[in-house]
Amino acid sequence: MIRFQATYFDGQTSKAQAVVVGYDGQHLSLHSADGNIQLRYFLKECVITPASGHAPRIIKLPDNQQFESGDLNAVAALEVEAGGNRGMRAVHWLESHWKPVAGCLAGAMLCVWAFIVHAIPFLAEKAADAIPPEITRTVSHKTLSVLDKRFFEPSELSAEKKTDIQNLFQTIADALQVDFQYQLAFRRSPQIGPNAFALPAGIIVITDEIVELAANERELASILAHEIAHVEKRHGLRSMLQHAGVFFVVSVLAGDITSITSTAGTLPTILVESGYSRRFETEADEFAGRFLIGQGWGTQPLQDMLQRLAASHPDFPSLTWLSSHPDIQQRIENLRKLEHSHIP
Amino acid sequence: MATETLHLPTQSLPVASDQKMAVSSRANAPQSGNIHPFEFTGSAGEYFRIWMVNLFLTIVTGGIYAAWAKVRTRRYLYTHTRLDGQAFEYTAKPTAILKGNLIVGAGVVLYFLIDLYWPTYNLITILALYLVMPLLIYKSLRFNTRYSSFRNIRFQFMGSLKESYKTYLGLPLLIPLTLGIIIPYWAYRRKKYFFDNMAFGVSGATFKGAAGHFYKIYGLILILAVSLVFLYMIGFGLLISQLQGTMKSMDGFGTSIVYAIMIGYFLVLLVITFMQQYLYVRENNYCWNETNLGELRFQSSLKVGKLLVIRLTNLLAIVVSLGLLIPWAKIRRTRYILENLNIITSSSLDEFTAAIEPDESALGEVAADFFDFEVGL
């Protein structure tokens, strides 16, 4: 026998009436002190709405009637008698204890971590393969024209020098048996300085400054091989898609705050993405390293080139945790290891 | 949209800050009546646990649980809101919300596909969104009121779809033509659409507010914004000339500029937050204070300064805690807003009558269920 105090509402008017509720093992009965309310229903005809925090519980009766009770223990006992509602009872149990909640926090963090580290790169790779070449081409040309407007001036290299580099590039491409239709673009950029970029459709931009920085043909070849790797492995498209994925995750998680503090949302995005591009740089270095070893040159040309690039950007190492290029010394170390692993 | 952050029935039914207005209307009323304050009994700890479980289950189920999460969140906020000893109730079914989420999800996927493959048709999708927006707003208002109840009597939204199109499609089109002069009028119409069409059982609410008051609110904001931008520019100019005078090395100059820009950014954030809170408080207080439900009146007495302090400290707490204090912040703001809302009535709250449900047939129920969905706006 369960007995408790409750407030009854008939569903026709907003009138609140005090009642005593009793449960005899089968029926739920309601009685008011003045005797105006005398109700009796099978418990299975009634719906016990799920608990929420420490709020009074509401039980729905047939014909739109209901009652509300602050006697949480009694209603919980009644709920056990009635059975059912298992899912929401489990959820309420989770919500009522700190330990499972801590578990949820850890679980949620683990899921987000796994999604960012594994799922996004995987999905981005699959999606990059599905994107038709025409779209890649349009996007690449648009990007180049934007870059041209903002950073680049026409190259001032001599026609001879350009032909030499074209020929060098052709040799590398033939040696690597590449799939793409490549196009070399020569640009001058005092703003950016020595650098090289690869656009997804196979356009490789090299600045006059990097050509001048390279001490010999092998060093230049190491840079070109590195850029070819970015194209062959579709790093450009993949990083665009990964960016979209991270943006999605961050906006879902920070949904409540992004509108007011968009900076709070950008910081994790930058951190995650520098991690992604570090992975791509390492991959491209490895690809270029293997090519250089295959030519019998060893990885020294790329190591020297990286050293020189670092020297030409003095602020480079201090920015590594935010920069797209991993620590130069780390990259050089990786190249040394790669070479050692190839020496019999 | 009309109901910005919280979705409580109470908030969905807003009252205004203008103390003078409240005093004068009270003086004009035939009887002063009894004041019943809203009470909010939610706790940050409890809400945090619900929020965390929601987050976890939503992630694990790939977003499906989001609909259940929404119902649990709202039920928590509603049932811990009390008036004259009784709690509000949120009775929506998660499946209806799931349907709304799926519709929105499909729309977003469609938008991205079109954007990627047929970028030229981009404008058409945006246009389509504008065309369905009034329908979605209308649906959501109906949904959220219909599934809100108090003392076992449902709230209702009586506004028409036609009115929604006039308010959310027609008027915005006139904004550029009138050079923005009708923006306050538009705000007035949006509030009116909501407050004038609310009903509790058979008792419909009436909104006596006037567009003129919105011109006052927006006018003040405009003056404030213009003078702040002006002051800001003067300050920045002074700072730069100062720096140019003192800084010898270019490097030092560069760092100072970075600091100046950062400080400027925070000031802008502060000003924007202030304007948002100002607008919210003025509109909210005014609308509630000008709304009647039969002989029952509302009284909202939010203060801009207090809400601003709450907002800023909430933001700080959220950023410092990496988001973990979001639930605490929400409970705190909700408590302040609700505890400054009262109802004034000379009769008891026992005398409201439920509306007769239009169609009790099984077919009617099924159809109503099918067309019921909630879209988060």
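This briefing covers the sheet of chain A, the barrel of chain B, the contact between the two chains and the salt bridges.

The model is predicted. Chain A carries an open sheet of seven strands with antiparallel pairing. In chain B, 10 strands close into a barrel, and their pairing is antiparallel too. The two chains bury about 3900 Å² between them. Over all chains, a search of the whole structure finds 19 salt bridges.

**The open sheet of chain A**

- The strand order is β4-β3-β2-β1-β7-β6-β5 in chain A.
- The edges are β4(A), residues 38-42, and β5(A), residues 47-48. Each of these two strands pairs on one side only.
- At one edge, β4(A) pairs with β3(A), residues 27-31, through five bridges. The sense is antiparallel. Within this pair, L30(A) has L39(A) in β4(A) as its bridge partner.
- Helix α1(A), residues 72-82, packs on the sheet. The strands touched are β1(A), β2(A), β3(A), β5(A), β6(A) and β7(A). The helix direction makes about 100° with that of β1(A).
- At the other edge, two bridges link β5(A) and β6(A) in the antiparallel sense. I48(A) has I59(A) in β6(A) as its bridge partner.
- I59(A) also stands opposite F67(A) in β7(A). The strands β6(A) and β7(A) are antiparallel and share four bridges.
- A hairpin joins β6(A) and β7(A), with five residues between the strands. In the turn, D63(A) has a positive phi of about 60°.

**The barrel of chain B**

- The strands run in the order β1-β2-β3-β4-β5-β6-β7-β8-β9-β10 in chain B. From one strand to the next, the twist averages 30°.
- Strand β1(B), residues 34-40, is joined to β2(B), residues 81-83, by three bridges. These strands run antiparallel. E39(B) stands opposite R82(B) in β2(B).
- Strand β1(B) is also joined to β10(B), here by four bridges and again antiparallel. The bridge partner of P37(B) in β10(B) is N342(B).
- Helix α12(B), residues 326-339, lies across β1(B), β2(B) and β10(B). The helix runs at about 175° to β1(B).
- Helix α6(B) lies across β3(B), β4(B), β5(B) and β6(B). Its angle to β5(B) is about 170°.

**A helix pair in chain B**

- Helices α5(B), residues 94-117, and α6(B), residues 122-146, have axes that come within 11 Å. The axes cross at roughly 170°. That angle is over 145°, so α5(B) counts as roughly antiparallel to α6(B).
- From α5(B), the contact uses A96(B), I97(B), Y111(B), I114(B) and D115(B). From α6(B), the residues are N122(B), T125(B), I126(B) and F143(B).
- Of the residues in this contact, six are nonpolar, two polar and one charged.

**The contact between chains A and B**

- Chain A brings 48 residues to the contact and chain B brings 45 residues.
- Carbon and sulfur atoms give 64% of the buried area.
- Which three residues supply the most of the area that chain B buries against chain A? They are R49(B), R72(B) and N152(B), with 17% of that area.
- Three salt bridges cross the interface of the two chains.
- In one salt bridge, the side chains of K60(A) and E89(B) meet at 2.9 Å, N to O.

**A salt bridge inside chain A**

- Side chains of opposite charge can pair when their charged atoms come close.
- R331(A) and E281(A) form a salt bridge through their side chains, at 3.9 Å from N to O.
- R331(A) sits in helix α12(A), residues 328-342, and E281(A) sits in helix α10(A), residues 262-294, so this salt bridge ties together parts that are 50 residues apart in sequence.

How values were computed
Residues are numbered from 1 along each chain as its sequence is written. Chains are lettered from A and ligands numbered from 1 in the order in which they are written. This is a predicted model: local features need pLDDT of at least 70, side-chain atom pairs count only at pLDDT 80 or more; totals for chains, interfaces and linings use all residues. Side-chain values use heavy atoms; hydrogens and water are left out. Two strands pair if DSSP finds at least two bridges between them. Contact means heavy atoms within 4.5 Å. Axes are lines fitted to C-alpha atoms, for helices over the stretch in contact, and angles run from 0 to 180 degrees between N-to-C directions. Angles under 35 degrees count as roughly parallel, over 145 as roughly antiparallel, 65 to 115 as roughly perpendicular and the rest as oblique. Ala, Val, Leu, Ile, Met, Phe, Trp, Tyr, Cys and Pro count as nonpolar, Asp, Glu, Lys and Arg as charged, and the others, Gly among them, as polar. Buried area is the accessible area (1.4 Å probe) that two parts lose on being put together, summed over both. A salt bridge is a side-chain nitrogen of Lys or Arg within 4 Å of a carboxyl oxygen of Asp or Glu.
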